[in-house]
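Okay, everyone, let's get going. I'd like to walk you through one structure today, so have a look at it while I talk.

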Amino acid sequence: MRLVFPWLSELVAVPGDVETVAREIGLRGFEVAGVEHGPVPVIDFEVTANRPDCLNHVGLAREASAIWGLPLRDPDVHEIAGRSAAAEESVHVDLEAADLCPRYCAQVFAVQIGQSPAWLRDRLEAAGVRPINNIVDVTNYVMLEMGQPMHAFDLRQIAGRRLVVRRARESERMRTLDDVERRLGPDMLVIADADRAVAIAGVMGGQNSEISRDTRMIVLESAYFQPASVRLTSKRLALKTEASSRFERGGDIDAPPVGIARAAVLLSEIGAGSPVGALIDRYPVPRETVQIPLRSARIARVLGQEVPVADVPRYLVPLGFGVQPAGGPEPGWIVTVPTFRVDVAREADLIEEVGRHYGFDRLPTRFPSLAAPQGPPDARVNRDRTVRLALTAAGFSESMTFAFIERQAALPFCEPGAEPVAIANPLSEKFAVLRPSLLAGLTDSCAHNRRRGRKDVQVFETGSRFTPAGEGRAAAIAWCGAAGHPHWSSPVRPVDFFDAKGAVELLCAALDVPPVSLAFVPCTRGYLVPGRSADVRASDVHLGSIGQLAPAIAEARGFPAGEPIYVAELDLDAMT
């Protein structure tokens, strides 16, 4: 966000020079990307995604108002009287997709297209926006000043004098203002007239309704669009604009009519136009006011520092919050959240606001107090430590793999007829299910090493595995390549079943499983090679399985054909 210093000074009489203002606002959580000195000083701030209210001059002026305790001079939005509209000068608005556009405002203006005055062009250029004509320049000015993007349609080009806020039709096409024909889809929101789409909502207008030199009547649009919808549309079309970057972060649902009122003042001031007819405001479900209790004791607890009770309203009120005493024996407040603060939803968010303006640099550096753990330590912690010590001593390296894996990798290790536990909202198909076995990840680990030229791999892992019946804890090993290190006394031989069996016996001994009770019995598990596999049992309790991994499974995970991998997996919960 490029903050034009003289523009800010009109809104708040900030003391000091541009460097001072940049430093003080920067200390409140806005990284200073650069300061430009010159005829028009500019501060370039990096505004985080959760603060769309500060992607404009008024938003940053609120921060300055709270810093220096100075009044904020709000932009002039007094009502401009307009003449009554004739039938051919009116427009009708249909809000068909209120879920994606909760509020839509429109106003007809009689205009005279021309060049903007020098002061307006200079401010836009200083803020990094190219002047176009007086109508477009005013909409951009309001966006940079108040944060409300707007769009102007040529009324002559609006078929049926009707604006319809609807979802795009399947394979609907529209040529946008950048002269690119774009294919739309039903998950995108458009502004249409009686015949076709004339704008992609919150992103860009269409050439078919663009204003030109001979435009005499316009419809000025000012709306609130659902952020996720704008973000999805912008991403799918690979089209990012100043408007979409604001709408997709979350706008102010109370700003649309104010934005049009501000545009009306500016158009009148520069002699570019005046309103015709009444403002159209489609707002079917008004948003409820958000009020959050804020406790003084909680502020001290979270920040680790007592903040004077009198200072809390002094920090919050200039930022636009309504603050009223809560009453009761303990100091506290009921805070009304303004609609432009989309990032504030709970008490902790308000405490962050207090902390920012109290000064994080004034907070003491101390560790939080810790309560001593109650009861005996968890025996599983020592058990897992014993497993790690035993297997690392036997030459294995510990591996840590994802608990989320792809479905195809999980299926071979599921019980017959069972399905892996699916994740409701997977990041991708690679992380679609919870692992039913640690062996899936260890197989991938061996394949990863083998593809990079390492032939001899011994890895183990302890962790959770998941079935429809619940979660369990297991230890697993995977071994491929040589059975041991080269030595003059004997040649190097490949690992076999009995090497893996020895590792399992070592692990069982470390966990105090009596050797006399241990038995290895033939098994027919689908992921192991028959005749080279066994179930591990102790006193008729099934502990796990051991054997050569089926070559088809290993090759499917990228392991070279013809090279065996020996694996074992033991149920730690059954062993202790």
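**The open sheet**

So, seven strands make up an open sheet, in the order β18-β21-β22-β26-β25-β24-β23, and the pairing is mixed. On the edges we have β18 (397–398) and β23 (518–522), each of which pairs on one side only. Quick word on terms: two strands pair if DSSP finds at least two bridges between them. Strands (E, at least two residues) and helices (H or I, at least four) are DSSP runs, numbered from the N terminus.

Before I go further, this is a predicted model, with residues numbered from 1 along each chain as its sequence is written. Local features need pLDDT of at least 70, and side-chain atom pairs count only at pLDDT 80 or more, while totals for chains, interfaces and linings use all residues, and side-chain values use heavy atoms, with hydrogens and water left out.

Back to the strands. β21 and β22 are antiparallel and pair over eleven bridges, and a hairpin of two residues joins β21 to β22. If you want one pair to find on screen, V459 has A478 in β22 as its bridge partner. On to β26: seven bridges join β22 to β26, again antiparallel, and A474 has D571 in β26 as its bridge partner.

Is β22 mostly buried or exposed? Eight of its eleven residues are buried, so β22 is largely enclosed by the rest of the structure. Buried here means under 20% relative accessible area, exposed means over 50%, and partly exposed is in between (1.4 Å probe, protein chains only).

Next, strand β25 (residues 541–549) is joined to β26 (residues 565–571) by five bridges, and these two run antiparallel. There, I546 has A568 in β26 as its bridge partner.

Which strands does helix α12 touch? Helix α12 (residues 379–393) packs on the sheet against β18, β21 (457–467) and β22 (470–480), and its direction makes about 155° with that of β21. Helix α15 (residues 497–510) packs on the sheet too, touching β22, β23, β24 (528–538), β25 and β26, at about 25° to the direction of β26. Those angles run from 0 to 180 degrees between N-to-C directions, with axes as lines fitted to C-alpha atoms, for helices over the stretch in contact. Contact means heavy atoms within 4.5 Å.

**The nonpolar core**

Now let's look at the largest nonpolar core. A nonpolar core is a set of buried Ala, Val, Leu, Ile, Met, Phe, Trp, Tyr and Cys residues joined through side-chain atoms within 4.5 Å. This one has 38 residues, and Y104, F153, L163, I191 and F225 touch the most other members. Among the elements giving two or more residues to this core are β5 (103–111), β13 (217–224) and α6 (227–237). Which element gives the most? That's β11, with four residues.

Take I191 and leave aside its neighbours within four places in sequence: its contacts include Y104, F153, L163, E221 and F225.

**Salt bridges**

Side chains of opposite charge can pair when their charged atoms come close. The rule here is a side-chain nitrogen of Lys or Arg within 4 Å of a carboxyl oxygen of Asp or Glu. How many salt bridges does that give? The count comes to 45.

One of them pairs E63 with R51, at 3.0 Å from N to O. E63 is in helix α3 (residues 57–68) and R51 is in the loop between β3 (42–46) and α3, so the pair ties together parts that are twelve residues apart in sequence. E63 is buried at 1% relative accessibility, and R51 is buried at 5%.

Remember α12? Its R383 forms a salt bridge with D573, and the closest N and O atoms are 3.4 Å apart. D573 lies in helix α17 (residues 572–575), so this pair ties together parts that are 190 residues apart in sequence. R383 is buried, at 7%, while D573 is partly exposed, at 38%. There's also a network: salt bridges that share partners join R51, D53, E63, R341, D343, E353 and R356.

**Cysteines**

Last topic. With a disulfide taken as a pair of cysteine sulfur atoms within 2.5 Å, the count is zero. Why is C105 not bonded to C101? Their sulfurs are 9.0 Å apart, too far for a bond, and C101 holds the closest cysteine sulfur to that of C105.
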